Amino acid sequence: GGGGGGGAAAGAAVQKCTRCLQPFGPGRCTVPHPVNKRQVTGSTYHSGVSDKYFECLACGGECTLTSNCDIGAAATEERVTSGPPHCFDGPHTRAPLDEGDERRIVPNTVHLSSGPNLQRDIDALPDDVVTLVITSGTYGYDSSASHVLARALPRLEYLQLEDVPFSKVHLTEALTPNVKKLSMQNVSDDCDLQVVLPKLREVSVHYFTPVDTQRTPEGWRRSLAIDGMLEAATKLRSFDSYKLNVGCLSFASNSLKSVSLHRSDCLEYLKIWAPNLVTLGLQACYSLESIAFLDVHPMQAQLPPDHQIPELTVDTTNATLGPAAKRALRHHPTAVKAGGPQRRGMPTEAAFAQMFGPGGMLAAGGLLHGMPGMAPGMMTPGEMAARMMGGMPGMGGGPMDDEDEDEEDDEWDGDSDEDDEDGSDFNDGESDDEDDEDDEDDDADSYVEAMVCAGCKDGDDEQKMILCDGCDLGYHIYCLRPKLSNIPRGHWFCPDCKVKQEAQTAAAEAAAAARQKR
């Protein structure tokens, strides 16, 4: 009997706080900002120190994370130097937390950062890891490095790969059968990517131009890896991409509610079976010729007999849609146009839309249509713009008059909803800010030229470009030496301007010292 009582007392003594998972007691409960809830907004490097700015999506705090970024120096632990130091700071609790309260310690979470030992750390991951986040850390994106993630992690549910090059990523039923959420940004374009996960629910792919492409009989460029991932993900709920450069995509899921294909520059064909789809983002898709909303699919048998198709909100801001794509949207039974852009875009998006839109220089019949290498799917719009301005100084991308435009398309090419003769809410993707359009056209064209990187002379990837506050030249953050991992906050000066500033400062100090000697 005594032994049983001692066991009960011991059990009571180790009761844990449901938020921080530490022993429950009168002390403070502190929870760090979860690594998978940090939305990075910029970073700066100075005197061997890195400052990374982020917003915590769990608590809403805006923070600065400081660490040593000197490769030759000993690594230092990242520390919060501004903003709330903790995601939560308060009393311990034994009560169950609300499902939406993410200010908590999630067991079996691992965060790895790039560095000389990253592959060793990946190979040494515990088998019971549930959440795995691998980021570029303080050293930035190192394109010369290459890593492999192709090992058994049977309990893994969330994987985030951010700004770290991988030569091989294999996520399969045999290796990682329980992955439900996958986020990839700036994995290498030539990565051997194999994702076959029937339980996958959420996917995010940013900055990826896969090299494993084949041409379909129709001439569209398909990625074997992306197609294989979507084909296996029959329970997919959301798909988000930015600059995923493939020629065609195919979705089939009764659970799919949201698809965003922002800046899918080369996308020409989109096929969708998604009877519960409520948002479709086509912002700045410049080459989309055809959309197929399937009426019949084997998955249809899994729907309830009284299933009703929900209203579908479609964002076509700065998109250039072909006649077949427009007809598909017009004939969709519930599709309506979004009230405004769903994503923040760069000013160059509007200029590219003009170039590819009716009467534009790169549209059929346009000034540069048919120029070698200018066909859709061969180059991204940014590459085309850089090529044009490199060989044809002063050439803008403004619209040209074309009296032979198809009347059916004209009703979608108007500046406002009232221009649609059949009452359709859709147009050709023009911005809804009609009053500002005329004034911004010339600015947008000149901005393309201003945004060409002074390092690589490429105008693409503008969201990774920064303008010098001294000379107004633009640079991709990965073209700088040392590279930056994010757009820094505040004023920023390019290496040349920094040298000039330092020289001016040194001259001023020398002059002041000389005056003191007198």
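I started with Phe251 in this predicted model and listed its contacts, leaving out residues up to four places away in sequence. Phe251 touches Leu230, Leu236, Phe239, Leu256 and Val259. The list goes on with Leu261, Leu270, Lys271, Ile272 and Trp273.

Next I looked up the core around this residue. Phe251 is among the residues with the most contacts inside the largest nonpolar core, together with Leu132, Phe166, Leu249, Leu261, Leu270 and Leu280. I noted 62 residues for this core. Helix α3, residues 224-232, gives the most to it, with four residues. I also found a second core, separate from this one, with eleven residues, including Val31, Phe54, Leu65 and Cys87. In soluble globular proteins, nonpolar side chains tend to be buried together.

Then I turned to the strands. I found an open sheet of three strands, ordered β18-β20-β22, with parallel pairing. β18 (248-252) and β22 (290-293) each have a single partner strand and stand at the edges, so one side of each lacks a neighbour in the sheet. On average, neighbouring strands here are turned by 5° against each other, direction ignored.

I checked the pairing of β18 with β20 (residues 269-273) and counted five bridges, in the parallel sense. In this pair, Ser250 is opposite Lys271 of β20.

Last, I followed β11, residues 166-171. It runs parallel to β9 (residues 147-149), and three bridges join the two. Val148 lies opposite Lys168 in β11. β11 also pairs with β13 (residues 192-195), in the parallel sense and over four bridges. There I noted His170 opposite Gln194 in β13.

Note on methods. Residues are numbered from 1 along each chain as its sequence is written. This is a predicted model: local features need pLDDT of at least 70, side-chain atom pairs count only at pLDDT 80 or more; totals for chains, interfaces and linings use all residues. Side-chain values use heavy atoms; hydrogens and water are left out. A nonpolar core is a set of buried Ala, Val, Leu, Ile, Met, Phe, Trp, Tyr and Cys residues joined through side-chain atoms within 4.5 Å. Buried means under 20% relative accessible area, exposed over 50%, partly exposed in between (1.4 Å probe, protein chains only). Contact means heavy atoms within 4.5 Å. Two strands pair if DSSP finds at least two bridges between them. Axes are lines fitted to C-alpha atoms, for helices over the stretch in contact, and angles run from 0 to 180 degrees between N-to-C directions.
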